[in-house]
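Visitor: I'd like a close look at one part of this protein. Could you zoom in on a single residue and then work outwards from there?

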Amino acid sequence: MAKKWGNADYKQLQALQGRLQRLEKMDLDKFCEDCSKELAARLLALVIPRTPVGQYPKDTGKKGGTLRRGWTASKNNAGTTYAQSLPITKSGSKYTIEIINPVEYASYVEFGHRTKNGGWVNGRYFLTFSEKELEQLAPGVLEKKLNTLLKEVFDG
């Protein structure tokens with residue numbers, strides 16, 4: 001005698017299958033690139049205000065802020081705008097975005113340096129501290145972006 005297992009309505013399973021197919025068709029590379037640029041912009045937002053500005057006597061004619069301006073490659077470029085313009089490389093499943101301060105003495109201010117008379121100037125670690133802070137923020141930022149993406153797929 002055959003057992004009766006009951007009735008099943010497969011409409012919800014079919015709807016789930018459709019949503020999963022929609023998720024599969026989405027451009028996940030673009031999503032990962034957007035996440036990379038978001039994290040780059042947040043790093044710049046952290047490091048720029050932390051970057052020290054040189055203080056010079058007025059009679060020298062020197063103006064501080066070169067190192068700070070170096071992060072965005074121009075005087076008037078906002079960090080977020082600059083982050084959006086940065087190229088991203090993908091190697092396997094790893095996305096890399098490179099943020100460089102091209103000012104020649106940036107590493108000396110970051111990590112410290114010797115002086116002409118043999119003394120030592122301690123590093124300021126403005127980038128190191130900003131990277132550590134970003135490491136703390138990144139999971140929440142990425143979770144929020146992922147939740148937004150999944151909400152688009154499953155609610156839309």
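Visitor: What relative accessibility does Glu-133 have, and what does Glu-133 count as on that basis?

Guide: Bear in mind that this is a predicted model. Glu-133 comes out at 30% relative accessibility, so it counts as partly exposed; the partly exposed band runs between 20% and 50%. Now for its partner. The side chain of Glu-133 meets that of Arg-50 in a salt bridge, with 2.6 Å from N to O. Because Arg-50 sits in helix α2 and Glu-133 in helix α6, the pair ties together parts of the chain that are 83 residues apart in sequence. Arg-50 has a relative accessibility of 35%, so it is partly exposed as well. As a rule, side chains of opposite charge can pair when their charged atoms come close.

That pair is one of four salt bridges in the structure, and helix α2 turns up in others. Lys-90 forms a salt bridge with Asp-29, where the closest N and O atoms are 3.0 Å apart. It links distant parts of the chain, with Lys-90 in strand β1 (residues 88-91) and Asp-29 in helix α2, 61 residues apart. Lys-90 is at 46% relative accessibility, so partly exposed, and Asp-29, at 34%, is partly exposed too. Then there's a local one: Lys-30 forms a salt bridge with Asp-34, with their closest N and O atoms 2.9 Å apart. Both lie in helix α2, and because they are four residues apart, about one helical turn separates them. Lys-30 counts as partly exposed at 43%, and Asp-34 does at 31%.

Asp-34 is a handy way into the pockets. The second largest pocket has a volume of about 250 Å³. It is lined by 14 residues, and those closest to its centre are Phe-31, Asp-34, Lys-145, Thr-148 and Leu-149. The elements giving two or more residues to that lining are α2 (28-50) and α6 (126-155), the two helices that Arg-50 and Glu-133 tie together. Helix α6 gives the most, with seven residues. By class, the lining has eight charged, four nonpolar and two polar residues.

What about the nonpolar side of things? The largest nonpolar core has 23 residues, and Leu-44, Val-47, Trp-71 and Ile-99 touch the most other members. The elements that give two or more residues to this core are α2, α4 (79-85), β2 (94-97) and α6. The largest share, eight residues, comes from α2. Take Val-47: leaving aside neighbours within four places in sequence, Val-47 is in contact with Trp-71, Phe-126, Leu-127 and Ser-130. There is a second, separate core of five residues, including Leu-23, Phe-31, Cys-35 and Val-153. In general, nonpolar side chains tend to be buried together in soluble globular proteins.

One more stop, the largest pocket, which holds about 340 Å³ of space. Its lining has 17 residues, with Gly-54, Tyr-56, Leu-67, Tyr-105 and Val-109 closest to the centre. The elements that give two or more residues here are α3 (66-69), α5 (106-111) and β4 (120-122). This lining divides into eight nonpolar, six polar and three charged residues.

So, back where we started: at 30% relative accessibility, Glu-133 counts as partly exposed, and its salt bridge with Arg-50 joins helix α6 to helix α2.

Notes. Residues numbered from 1 in each chain as written. Predicted model: local features only at pLDDT ≥ 70, side-chain atom pairs only at ≥ 80, totals over all residues. Heavy atoms only, no water. 1 Å grid on protein atoms, 1.4 Å probe; cavity = no way out; pocket = protein on both sides within 12 Å on 5 of 7 lines; lining within 4 Å. Points joined across faces, edges and corners; volume = space filled by probe spheres on them. Nonpolar A, V, L, I, M, F, W, Y, C, P; charged D, E, K, R; others polar. Core = buried A, V, L, I, M, F, W, Y, C linked by side-chain atoms within 4.5 Å. Buried < 20%, exposed > 50% of the residue type's maximum accessible area, 1.4 Å probe, protein only. Contact = heavy atoms within 4.5 Å.
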